[in-house]
Amino acid sequence: MSKAIGKWRFILPLLMIMTLMFGSAVSADGKGTVSEDESTIVTVYIQKDGVLTEIGKDGYEALKKEMEMNRIKLEAEKNKDLDEFALMKRNLQYYYNSYLNDAPIQPRLVTSYTYKYVESGFNNFVERTSLKRRITNPIYNDSANPTSYSMIATVTETWSANINITGSAKIKAVTLGATVGGAWSRTETDTFTINPTISSKRWGWLEFTPYHTNSWGYLTTTQWKTSPMGVIKESETSEWADIYSAKFLGTKRPDGAYIVRESINKPTS
């Protein structure tokens, strides 16, 4: 028994020393790991309605809060419009089922389609954080002082939608119905040079987050068939459409946030 107690007299102080030595490796978040170095914002340029303006980090944070409040408000409106569309679609389907049941059977020869886009809502300024990406190669400042470097940036931006919008007839329908008109389907590529100042022993690069317009509503497809009796409406279906479009106003450079970042680590994506 005395031998066991003697052993603990040496083990317990050793455990206390190990705790003091390694306890500092536990991070402040209590997860037991040291947080990796994260990049910091050097400055921010905003391209809006074709005009590029430097607003800095604080200005960017204020703009993000304003845009988020606007997004929440408009998303609520969009969800309400979607519910109304679902009800309208059910009623329309009931009407056409009744129509087809009562329609006389006759030979049908030629089929054609027409399209109409009805816009329910529109947002002129949406931050697309899911499309955020680096648009320059990273540059390392190996000097002892902050240094200005020339970076060549290339950015391509386009549109996207939750449904298939291909073919000239569908594209024309959206062009006629959307607030932005034909600008919704533009795709552009721009290459330009910036000259940011990067801190000593840091990697620097330019990051881009696009600002899009957002039009939502429904695209109606009407099927027509021509028979000896004349032109007959065969069917009509509607799809909920949620369309995001890049913004270019008098320039090929898309609207968005152009963020200069730096880090002690080289970016991997």
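Thr 156 stands opposite Thr 189 in strand E9. This pairing belongs to a predicted model. Thr 156 sits in strand E7, which covers residues 151–157. Strand E9 covers residues 188–194. The two strands pair in the antiparallel sense, over 7 bridges. Another facing pair is Val 155 and Asp 190, with Asp 190 in E9.

**Two faces on each strand**

Which residues of E7 lie on the covered face, and which on the uncovered one? Met 151, Ala 153, Val 155 and Glu 157 form the covered face. Ile 152, Thr 154 and Thr 156 form the uncovered face. Strand E9 shows alternation too. Glu 188, Asp 190, Phe 192 and Ile 194 point to one face and are buried. Thr 189, Thr 191 and Thr 193 point to the other face and are not buried.

Now go back to the facing pairs. Thr 156 is on the uncovered face of E7, and its partner Thr 189 is not buried. Val 155 is on the covered face of E7, and its partner Asp 190 is buried.

**The whole chain**

The protein chain has 3 helices and 13 strands. It holds 269 residues, and buried residues make up 35% of them. Take the contacts between residues at least 6 apart in sequence: 81% of these join residues at least 24 apart. The chain exposes about 16,400 Å². Carbon and sulfur atoms supply 56% of that area.

**A helix with two sides**

Helix H3 runs over residues 168–177. Its buried residues are Lys 170, Ala 173 and Val 174. Why do they lie on the same side of H3? They cover an arc of only 95° around the axis, and this puts them on the same side. There is a general rule behind such patterns. An α-helix has 3.6 residues a turn, so residues three or four places apart point the same way.

On the other side of H3, Ser 168, Lys 172 and Leu 176 are exposed. What covers the buried residues of H3? The cover includes strand E3 (110–127), strand E11 (202–227) and strand E12 (230–246).

**A buried polar pair**

Strand E11 also contains Glu 207. Is Glu 207 buried or exposed? Glu 207 has a relative accessible area of 11%, so it counts as buried. Its side chain makes a polar contact of 3.2 Å with the side chain of Arg 261. Arg 261 lies in strand E13, residues 256–263. Arg 261 is buried as well, with a relative accessible area of 15%. A polar contact of 3.2 Å also joins the side chains of Arg 261 and Ser 39.

Look at the surroundings of each residue, leaving aside neighbours within four places in sequence. Glu 207 is in contact with several residues, including Lys 132, Arg 133, Arg 134 and Tyr 258. The contacts of Arg 261 include Ser 39, Thr 40, Trp 203 and Trp 205.

**Salt bridges**

Side chains of opposite charge can pair when their charged atoms come close. How many salt bridges does the structure hold? There are 12. The table gives some of them.

| Salt bridge | Closest N and O atoms |
|---|---|
| Lys 78 and Asp 242 | 3.1 Å |
| Glu 236 and Lys 233 | 3.7 Å |
| Lys 247 and Asp 255 | 3.9 Å |

Start with Lys 78 and Asp 242, which form a salt bridge. Lys 78 lies in helix H2 (residues 56–102) and Asp 242 in strand E12, so the pair ties together parts that are 164 residues apart in sequence. Lys 78 and Asp 242 are both buried.

Next come Glu 236 and Lys 233, another bridged pair. How buried or exposed is each partner? Glu 236 is buried, with a relative accessible area of 17%. Lys 233 is partly exposed, with a relative accessible area of 24%. The cut-off explains the two labels: buried means under 20%, so 17% falls below it and 24% does not.

Lys 247 and Asp 255 also form a salt bridge. Both of these residues are buried. Which residues are linked with them in a network? Asp 49 joins Lys 247 and Asp 255 in a network of salt bridges.

Key
Residues are numbered from 1 along each chain as its sequence is written. This is a predicted model: local features need pLDDT of at least 70, side-chain atom pairs count only at pLDDT 80 or more; totals for chains, interfaces and linings use all residues. Side-chain values use heavy atoms; hydrogens and water are left out. Helices (H or I, at least four residues) and strands (E, at least two) are DSSP runs, numbered from the N terminus. Buried means under 20% relative accessible area, exposed over 50%, partly exposed in between (1.4 Å probe, protein chains only). Contact means heavy atoms within 4.5 Å. Accessible areas come from the Shrake-Rupley method with a 1.4 Å probe; for residues, only the protein chains shown count as cover. The arc is that of the directions from the helix axis to the C-beta atoms. A polar contact is a pair of N or O atoms within 3.5 Å; within protein, one must be able to donate a hydrogen and the other to accept it, and residues adjacent in sequence count only if both atoms are side-chain atoms. Two strands pair if DSSP finds at least two bridges between them. A salt bridge is a side-chain nitrogen of Lys or Arg within 4 Å of a carboxyl oxygen of Asp or Glu.
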